[in-house]
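Please open the structure in a viewer and display side chains as sticks. The tour below proceeds by selection, with the charged side chains as its theme.

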Amino acid sequence: MKTIFSTLGEQAETNFQLWRDFARDRLMPAELYRVDDGVFRGLFEGTDLGSLLITRSTFSAVRVESTPSTLRRNAKRDTLAVTIKLSGTSSCEQFGRQATVQPGEIMVLDRANPSVRQTSGSSRSLLLEIPRARLENLLGDARHFSALTVGADLGSAKLVTTFLDTLLRVENAFTPDAAKRMSAIAVDLIAASVAERLAKEVPKPLHGTVVVQRAKAYVEAHLGDSSLDPPKLATAVGVSLRRLQELFKEQGQHISDWIWQRRLETAAKRLTDQGCRHLSIGVLAFGCGFASQAHFSRRFRDRYGMAPSDFRHLADAADPKA
């Protein structure tokens with residue numbers, strides 16, 4: 001990652017004002033306040049990796065308030081902020097939920113709603129901006145998991161931090177297409193860690209929602225398994241098939257329809273991905289869980305109104321780099 005802003009070597013009284021202005025521009029509009037009288041230190045390192053904007057920040061104690069006024073100036077309401085605490089401790093409040101974030105823990109914040117964050121001293125964090133639709137498609141409405149800490153003791157959280165640490169150390173070795181695929185893996189791992197946390201302790205009214213979220217996360221991770229069907233999915237998430245069908249029905253969905261929908265959407269995305277251009281239609285179909293190319297072509301035409309090969313050619317024609 002490259003240093004994009006630093007006051008670490010400065011003693012100026014304007015350090016905080018300069019850092020505050022940069023933070024508002026880089027991250028999002030917010031009210032920022034100092035909470036001590038020492039010399040303010042601030043450092044931002046950043047990178048664009050695939051579809052992700054990633055920022056590593058180090059700064060003295062501050063209070064950050066996202067208010068209705070600042071939210072009206074926020075152009076990033078369609079993203080969620082995923083924070084991984086590297087050092088120090090911070091507190092957070094959103095949707096009436098309060099949390100304390102310790103090193104190694106992960107937390108998601110909804111950037112379209114008010115929140116309050118405060119560090120008790122020098123703090124260092126990694127922040128990823130993730131499209132809202134990407135996580136909510138897997139986990140449901142963000143208010144169910146915003147300001148919920150994913151503990152460092154969870155295996156999935158450890159996997160996220162290890163993967164991102166390795167990814168950022170070798171980021172310059174990736175081609176743009178490879179970086180895009182790596183960033184997608186990072187998002188999937190984060191979603192899996194949040195899903196694991198939700199499964200540990202949730203209010204009883206949310207239990208059904210969490211089961212569906214876990215089921216959807218499992219589908220995402222096993223799309224290439226052609227044997228994945230509703231009974232197998234129910235077994236994987238630990239409920240009866242009948243119960244899982246009822247929970248999906250409550251959300252206006254059918255399990256098998258959801259599985260095929262995600263297979264087709266993933267296939268369509270790969271057909272437009274130049275990084276997958278070398279894959280034949282058949283190989284791509286098998287990788288998305290279709291038992292045969294003929295079956296894939298039939299379902300794809302029903303959904304998108306054209307053959308997979310025509311869909312790919314249309315995407316190539318629209319891409320100036322193709």
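**A tour of the salt bridges**

Select Arg-242 to begin: this residue is exposed, with a relative accessible area of 62%. The model is a predicted one. Add Glu-246 to the selection; the side chains of Arg-242 and Glu-246 meet in a salt bridge, with an N to O distance of 3.7 Å. Both residues lie in helix H8 (residues 241-250), and because they are four residues apart, about one helical turn separates them. Glu-246 counts as partly exposed, at 35% relative accessibility.

Next, select Glu-129 and Lys-76. These residues form a salt bridge whose closest N and O atoms are 2.9 Å apart. The pair links distant parts of the chain, 53 residues apart: Glu-129 belongs to strand E11 (residues 123-131), whereas Lys-76 sits in the loop between helix H2 (68-71) and strand E6 (79-87). Is Glu-129 buried or exposed? Its relative accessible area is 8%, so Glu-129 is buried, the cut-off for that class being under 20%.

Move on to Asp-188 and Arg-134, whose side chains form a salt bridge at 2.4 Å, N to O. Here too distant parts of the chain are linked: Asp-188 is in helix H5 (residues 176-200) and Arg-134 in helix H3 (residues 132-139), 54 residues apart. Asp-188 is partly exposed at 32% relative accessibility, and Arg-134 is partly exposed with a relative accessible area of 22%.

Finally, select Glu-220, Arg-262, Glu-265 and Arg-303 together; a network of salt bridges links these residues. For the wider view, a search of the whole structure finds 19 salt bridges.

Definitions and conventions:
Residues are numbered from 1 along each chain as its sequence is written. This is a predicted model: local features need pLDDT of at least 70, side-chain atom pairs count only at pLDDT 80 or more; totals for chains, interfaces and linings use all residues. Side-chain values use heavy atoms; hydrogens and water are left out. A salt bridge is a side-chain nitrogen of Lys or Arg within 4 Å of a carboxyl oxygen of Asp or Glu. Helices (H or I, at least four residues) and strands (E, at least two) are DSSP runs, numbered from the N terminus. Buried means under 20% relative accessible area, exposed over 50%, partly exposed in between (1.4 Å probe, protein chains only).
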